[in-house]
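Welcome, and thank you for joining this tour. Please open the structure in your viewer and keep the selection tool handy.

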Amino acid sequence: MCGIIAGVSSTPIAPYLLEGLERLEYRGYDSVGIAVAGGSHLVMRLRSTKRVKDLGRRVRDLDVPRLGTIGIGHTRWATHGEVSTRNAHPHNDCTGRLAIVHNGVIENAAELRELLVGLGHGFGSDVDSEVVAHLVEEARAGSSLLDAVREATDALVGSWALAVFDGTTDELVVASHQSPLVVAHSVHGHFAASDIGAIAPWVEDFQVLEDGDVVEINASPRWHRREGLPPEPELRARPPMHVQPSLVVHADYMSKEIEEQPEVAARIMTELGPRVADGELWRSLGLPDFARVTFLGCGTSLNAGRALGQLLTRNSGVPHQCIVASEVATASVEDKTLVMALSQSGETADVLRALSSNLLGSAPVLAVTNVGHSALGRRADAVVECSAGPEIGVAATKTYMAQLLTGTCIILSALVARGTLDPVRAAQLVGDLQRAPDLLAQAIGASRRAVPAIAEATSEAPGFLFLGRGAGWRFAEEGALKLTELTYRWAVSYPAGELKHGPLALVERGTPVVVVDDQARRLAVDISEVAARGGRVVRIGGPGSTIPALGNREATVLGIPWCGPFESVVAMQVLARELALTLGCDVDKPRNLAKSVTVH
Ligand code: F6R
């Protein structure tokens, strides 16, 4: 989703901006742009609805050394206004001296636009962000850019990470409110970015803007803060840099990331496994005891939370609730609640906003995320990283599995620490979890063999039902989401027992019905009800099923009740990918979706 980079250097800034934008690409975007000070002190703006590389070619066609040493860049994921060059950032004021980029949503943009038009301002785009350029222009007369941005942001309602520069004075100012922004200084120059990853190769440490901060970026930065905050935030060490993984033998990142799941599971069990049965993993987090757990997240991360909640309550009796982050307003959180916030990116605006609302009270927050240094990681009282490694495919696959296993280890460890799970039993359960890599590898192999024919046979189907009972239902939910986002076909999931209370009406001859068949009680009856109506049952189960992805679990202590048939998710990931490819869809970049959802 939207990303920002801004900088001042002693050499032309454009190459830095372009490289930073490339590093932000994985988040997903539909247009890109930069603005740099031109040789004659004009703001030079280049925008494109193509890729960053395309913009790079156009910059190289210009005379790079003559371009300025100060500038801003942006990747846009459309919220207000269609995908077009005129709506791409940066946006200018009326004079063309100022350029701005913005992440977030200006909620009062319509009123501000009307006001500004009344004052004679002309708009060049349909986007909410452009009002900021004109507000700063209004406030500029006689004021420094820092003061003008302060005044402009006072008029805004909503969320923003902003970078604003004046091509005639070479002032660069950034501001943040409920949208992440960091600044960093080094021998390469002075930088700001919405994600430290964008500027990581050039800096050693960085500072994070708090809500309301406005900062002038140069050799001696001026930092304006809310009352009560220290003059400048602490310096944080730059996180380790991930090199963009290459595809090697895989056709796409999704295929690679599905395949990596056994390795991810093995890594998690090596890192966390030894600290579970003695309760040390939980104790090291320094969190207070809890009587109930609230799982918070969106999309796939929420699905992981739902599966974790189910296993927690079924196996320990500790009550849980799951909150869709964007629906936090309906939540009520009791005393002694632990909030487990799940997010692979750690930047999801809905999650961050839910945590900054007062609706969760003072409950301690444990972040389970793939990016420990993310905004969520910084906000939480404790963090456990999922160690899935970089995930490039927009559809979450290995990060889901990592959240599930990491969350299971945390829960088991917490139950030991609070005296509700016998350490010997916990050690047996960890022993079973150590089998996860094998179970996942088996599921991948079986799915790769069985799924292509199923994808072919169901390619004409307009929609899919996904069913399961108990834990299997939670995994079926994730299967339905994966299929929807990748194939653009509707897919709904139900607890199988609900079939005859409504969704059975959808089943006609050939309707594909995917069942997570973990032999749950009465599931066979549900399956026969579908078959009796001509539905095409795709059974993900043990030997002899349509996709024999579930290994022989009888010998395990874990068995079905603890973690449930989690490897069934692999079969549904493979099905979603295969069908998407059959339908000619881009499996790494599904239409309209972004990897990091930074607007709410
Ligand atoms: C689906 C998917 C999304 C994300 C959701 C939350 O494959 O990736 O549903 O799970 O946008 O994102 P994170 O986990 O970054 O908070």
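**Stop 1: Strand E4**

Ile70, Ile72, His74 and Arg76 point one way from E4, while Gly71, Gly73 and Thr75 point the other way, and all of them are buried. Please note that this is a predicted model. Now select residues 70-76, the whole of strand E4, and show the side chains. Seven of the seven residues are buried, so the strand is largely enclosed by the rest of the structure.

Which strands pair with E4? Add residues 3-9 to your selection: this is strand E1, and E1 and E4 pair in the antiparallel sense over six bridges. To find one of the matched positions, click on Ala6, whose bridge partner in E4 is Ile72. Next, add residues 31-37, which form strand E2; E2 and E4 also pair in the antiparallel sense, over six bridges. Here you can click on Ser31 and look for its bridge partner in E4, Arg76.

**Stop 2: An open sheet**

Clear the selection and move on to another sheet. In what order do its six strands lie? The order is E5-E6-E7-E8-E12-E13, the pairing is antiparallel, and the sheet is open. Select residues 91-92 for strand E5 and residues 222-224 for strand E13: these two stand at the edges, each with a single partner strand, so one side of each is left without a neighbour in the sheet.

Stay with E5 for a moment and add residues 98-103, which are strand E6. The two strands pair in the antiparallel sense over two bridges. Click on Asn92, and you will find it opposite Ala99 in E6.

**Stop 3: Glu216**

Now select residues 214-216, strand E12, where Glu216 has its place. E12 is one of the strands of the open sheet you have just visited. Is Glu216 buried or exposed? Its relative accessible area is 11%, and residues under 20% count as buried, so Glu216 is buried.

What does Glu216 touch? Leaving aside its neighbours within four places in sequence, Glu216 is in contact with Leu146, Glu171, Leu172, Val173, Pro221 and Arg222. Select these residues together with Glu216 to see its surroundings.

**Stop 4: Gly377**

Next, go to residues 375-379, which make up helix H11, and pick out Gly377. Gly377 counts as buried, at 10% relative accessibility. Not counting residues up to four places away in sequence, Gly377 touches Gly372 and Val383. Try a distance tool on the C-alpha atoms of Gly377 and Ala367: they are ten residues apart along the chain, and their separation is 6.1 Å.

**Stop 5: The whole chain**

Finally, zoom out and show the chain as a cartoon. Its secondary structure comes to 17 helices and 23 strands. Along its principal axes, the C-alpha trace spans about 75 × 55 × 45 Å. A compact globule of 600 residues would have a radius of gyration near 25 Å, and the chain, with 26 Å, agrees with that.

How much of the chain is buried? Buried residues make up 59% of the 600 residues. Among the contacts with a separation of 6 or more, 71% are between residues 24 or more positions apart.

Switch to a surface view to end the tour. The accessible surface comes to about 22,700 Å², and 51% of it belongs to carbon and sulfur atoms. If you colour by charge, there are 55 positive and 69 negative charges to find, and their mean positions are 5 Å apart.

Key: Residues are numbered from 1 along each chain as its sequence is written. This is a predicted model: local features need pLDDT of at least 70, side-chain atom pairs count only at pLDDT 80 or more; totals for chains, interfaces and linings use all residues. Side-chain values use heavy atoms; hydrogens and water are left out. Helices (H or I, at least four residues) and strands (E, at least two) are DSSP runs, numbered from the N terminus. The radius of gyration is taken over C-alpha atoms; the globule rule is 2.2 Å times the number of residues to the power 0.38. Buried means under 20% relative accessible area, exposed over 50%, partly exposed in between (1.4 Å probe, protein chains only). Contact means heavy atoms within 4.5 Å. Accessible areas come from the Shrake-Rupley method with a 1.4 Å probe; for residues, only the protein chains shown count as cover. Lys and Arg count as positive and Asp and Glu as negative; His and the chain ends are not counted. The place of a charge is taken as NZ of Lys, CZ of Arg, CG of Asp or CD of Glu. Two strands pair if DSSP finds at least two bridges between them.
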